[in-house]
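Subject: Structure for your review

Dear colleague,

Please find below the structure that I am handing over to you. I would be grateful if you would read the notes beneath it with the structure open.

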Amino acid sequence: MIAFIRLYALQAGAAIRMSFADRANFALQVAGMAVNNLVFLTLWVLFFAGFRSVGGWGFADMALLLGLTMTIVGTCGALFGGYRDMAVSILRGELDALLTQPKGLISRLLARESLAIAWGDLACGIMILVLFAKVDLADLPLLLVALSAGLTVYLSAAISFACLAFWAAGARSFARDLTDFTLLFSSYPGSIHQGAVKVLAYSVLPAGFVVMAPVEMLREPSLRSIVVVLSAAIAYAALAGGLFHLGLKRYRSGASAA
Amino acid sequence: MTSIHLPSRPAEGARAAGAMLSAFRLGAGQTLAGWQVLAGRCIFYVIILVVLAALWDKVAAERLPGTLAGQLPPGGLALYIGVTEWITLALPAVHLRMEDDIRSGGLEPHLLRPKSYLAQTFSQSLGAAAVRLAALGATALALLAASGREPPPLEAFPYIVVLGGLGVVVGILLYALAGLMALWARRSLPFQLVIQKLMFLLGGLYAPVTLYPPVLEAVAKASPFAAHLYWPSAQAIAPSWDGFLMGLAWQGLWILVLALACAWLWRRGLAKVLREGGV
Amino acid sequence: MSAVITIANLRKQYSYARRGRGLLGGFSPQHVSIDAVDGVSFEIGRGERVAVIGPNGAGKSTTLKILSGILEPTSGQASVLGLTPWRDRRALAYRIGVVFGQRSQLWGELPARDSFSQLRHIYDQDKAVFEKRLGEMVERFALAELLDQPVHRMSLGQRMRCEITASLLHGPGLLFLDEPTIGLDVTAKAAIRDFIRDHARDHGQTVLLTSHDTRDIELVCDRVIVVNAGRVVVDQPTDQLRKRFLGRKVVTLLSAGPQIVVDLPGVTRRASQAHAVVLDVDTRLVRVEQVIAAALARGGVEDITIEDPPMEEVIHDIYSSAVAAR
C-alpha cells in the first residue's frame, strides 16, 4: 500500500511539475479560476444579502457547500487530473501503451495530468471554508471525512462516466458533460431540490453525496449521517472500479469503441 | 488568368455581404456537424434551468419578510433565467477560436484571402450561435410545456427573439474583443473571464438588475452587459413595447461601439502581425 | 517575357529579446537580430516554374510570405503582378493561389465541397465558371469520392489534393507552394507534381515553389534559385543544375556477411559500417540499376535503399562550388 502511494506520488508529482513548466500560463490560469470563483462567491453574498436564506440554508451553509465543492474539485484536478480527459484517452486507444506496463492502470490514468486551474479552485475553497463557512477547529476531523468522502464520490462518478467510452464513441464529450452536470448540482443549496430532481442528485449525478450530505453531516453531526457519507463513498468507488474492470475487459477483447 | 478588377463600392459591398452570408452558413453547418456537443449543451440548459428555477421558486414561496422577495415578479424568475441562459449558452467561444488562430499561425490562410478575417470570423460565429439559439429555444419551449408553468404572454415572444438575437451579437462582439487581445497578450483567457463575470454581474444572469441598489442598477443598465442579457430577458417577465424599444436602442448603440472597437483593435493588431510575421 | 515577380534587395530582419541569465535576467534582455532575408533580388517571368530551395532557416518561407503580402520586409522593393504585396494585399489575393504544406486552408469538420463553396464566395467567383473549374479539377485529381468527406478524415495525400484544388479555384495566374509534398508517400507526391506541372503548362500559370525534395524541383520546375542564410547563391535553369548537382543518388547496401564492394566508375564509398555500405552514385556516369545489378551479382545482399542525397548536402555542394567559382 505504501509502495503504491509512493509510486502515485511520484507520477502525480511529475504531472504537477509539467503543469508548472510554463509559469506565466500557470499563474494566469490559477488567477483566472480564482477570479471566477470569487465572483461566484460575490453573487452568493449579494443573493443572501437580498434574500437572507433559502430552504433553511443561510450564507454560511452556502459558503460551506462552495468551499467543499471547490476544495474537492481542486484536489481532484491537481492530484488526479487525468480524470477529466479519461474518456478521450480511452477512445484514442491510449490505454494500449499503459496496458503493457505492470500495475495500477487507473492510477496511471489519473496521475498523468495535473490541471493548473485546479490550484485556483483549491486555494479559493480553503479560503472560503476558513473565512466564511463557520467551521471550528473541533469540526476539523469531520471536515476531513467530508472532503475525503466527497472527493471519492466525485472522482468515482467522473471515472464511471468516462467508462462509457468503452461502449460508445459518443461518450467523448458526454462524459465530461455528465461530470459538469454533477458539479452544477453541487454548486447550489441542497434544500431547493425535491422529487425526481432530488433522486437524480442522489443517484446518477451524485452531487447529493459529493457535497450535500457532507454539509448536513457537518451542520448536524450524527452517527447516521457519517455512515451515509462513508457508505456512499465506498459504494461509488466500488461502482467505478467495477465499471472500469468490465470496460477494460471489453477493450482488451477488441470490441470497444476505441 | 484573371485581370485586375476594381469593383465599384456597392458591388464590393454586395460581395462582402455574400461572403459573410456564406461564412454564416459555414458556422451553422459546423455546429450541426457537432450535434453531440449541441445535445450536451441542451441537456446542460435543462439541468441549470431546473436547478435555478427550484432556487427562485423556493425563495418566492418562502417570501421572507424584510428581504427582496417582495420585489420578485409573481411568476418567479424561472422565465427570466430561461432567457438569460438561452443567450449565454448560445454564445460560441469566438475568443478561443481567435486565440488559436493567432497563436498557431492560423491567421495566415485568412490573410491570403481578399476578405476580412474579422468579418468572416464574426459571421461564422453568428451562424454557430443561430443554430444554438434554435436548439436551445426548442428545448426551452419543450421544458416550459412539460413543466406546466405559465408561459410569457404571446406578445413577448417576438420581443424576446429579436432582442435575444441582438443580445447574442453583443456577446459575440464582447468575446471578440477578448480574442483580439491575444494579438498582444497571446492569451484571451483573463480578458474573457473578466468580461464573462461582468456579463453575469452587470448583465443580470441570475437575477434582474432591478433588484440591485439604485446606483448599481443604473450602471448595469447602461453597460453593454445589460444589452447582452438584461434587456432581452426582462421581456420574459414584463413585456412592453417601451421596454423593447429601450433595449433595441441600447443594443444598437453597443453593437456600433463594440464593432468599432473590434475593428480598431484588429487594424492595430494586423499591422503588428504583418510587420513581425506573427505574435 | 514580362516579369510577374520582381524583387530588388529585399531584406527582412527579425529582432527578439533574449532573456539574460539568472534571476535578474528578465530585466536586462539582450536584443538579438536575425537576417532572415538579406538582400535577395530576382525576377520571374510569366509562365516560369521556379523552385526556391535551401536548408532550413535559409529564408525561403520568409521570401514567400513577403511575396504573398502577409509579411512586410524591413527594406527593399517587390512587385508581384504589378502590385506591392504588403500594401495591396487584398487586391493581390484575388490573383494568387497559395498552398502551405504544413497549414490547411480548408474547414476541417466539413466536407471538402463546403470548403470549396465557401472559397467561391470569398473570391467572388461566378457560379458557372467556378463549377466548370471545380469539375475539371475533380476529374484531374480524382476527387469525386472525397467531395463529401470531412477534410479531417482524409489522408495527408488526399488533403493536399484538396488544398491545391482550393488554391486554384479562383483561377490565379500565379501559384505559391510552400513544401507542397512534405510528408507524402511516393505515389501522392507524383500525382501532385504531375498536376502542378501540367496545370501550369496548360494555363500559362507562373509557379513559385519551395521544397526540400529534389524530385519536386527536377520534375516540376524549369529554374532553380538556391538561397542560403538569406541570400541567393545560385539562380540557374534546372537542366544546368541537374547536370552539376542533382545527378547523384545515395545507395545503401545491407549484408549479412562482409561488406559488399561495388567497383564501378561514378561510384564512391562513403563512411560505412560492418554490414552496411553507403555508396555515392554519380548518375551521369553510371545508372543506378547497374550499381544494383553489380551488388546483387556479388550476393549476400539483404536490403537496398536508394535515396536522394540530403538537400543540405546538395546545397552545400552548390554553395561550395559557387564560392570556388568566385
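The notes that follow concern chain C and its contacts with chain B.

Please bear in mind that this is a predicted model.

Chain C overall

Chain C contains ten helices and 13 strands. Its C-alpha trace spans about 65 × 60 × 50 Å along the principal axes. Chain C has 326 residues, of which 39% count as buried. Among the contacts in chain C with a separation of 6 or more, 69% are between residues 24 or more positions apart.

The six-stranded sheet

An open sheet in chain C is built from six strands, which follow the order 5-6-7-3-8-9 with mixed pairing. Its edges are strand 5 (96-100) and strand 9 (231-237) of chain C, each of which pairs on one side only. On average, neighbouring strands of this sheet are turned by 15 degrees against each other, direction ignored.

At one edge, strand 9 of chain C runs antiparallel to strand 8 (residues 223-228) of chain C, and six bridges join the two. Together, strand 8 and strand 9 of chain C form a hairpin with two residues between them. In the turn, Ala229(C) has a positive phi of about 50 degrees. Asn228(C) has Arg231(C), in strand 9 of chain C, as its bridge partner.

At the other edge, helix 5 (residues 156-168) of chain C lies across strand 5 and strand 6 (174-178) of chain C. This helix runs at about 160 degrees to strand 5 of chain C.

The contact between chains B and C

How many residues of chain B are in contact with chain C? There are 24 residues of chain B in contact with 29 residues of chain C. On the side of chain B that touches chain C, helix 1 (9-33), helix 5 (107-111) and helix 12 (241-276) of chain B each supply at least two residues. Helix 1 of chain B gives the most to this side, with nine residues. Classed by residue type, the side of chain B that touches chain C has eleven nonpolar, eight polar and five charged residues.

When viewing the structure, you may wish to begin with the hairpin of strand 8 and strand 9 of chain C, and then turn to helix 1 of chain B on the side that touches chain C.

With kind regards

Conventions
Residues are numbered from 1 along each chain as its sequence is written. Chains are lettered from A and ligands numbered from 1 in the order in which they are written. This is a predicted model: local features need pLDDT of at least 70, side-chain atom pairs count only at pLDDT 80 or more; totals for chains, interfaces and linings use all residues. Two strands pair if DSSP finds at least two bridges between them. Helices (H or I, at least four residues) and strands (E, at least two) are DSSP runs, numbered from the N terminus. Axes are lines fitted to C-alpha atoms, for helices over the stretch in contact, and angles run from 0 to 180 degrees between N-to-C directions. Two residues are in contact if their C-beta atoms, placed from the backbone, lie within 7 Å. Ala, Val, Leu, Ile, Met, Phe, Trp, Tyr, Cys and Pro count as nonpolar, Asp, Glu, Lys and Arg as charged, and the others, Gly among them, as polar. A residue is buried if 20 or more other C-beta atoms lie within 10 Å of its own, exposed if 12 or fewer, and partly exposed in between; C-beta atoms are placed from the backbone.
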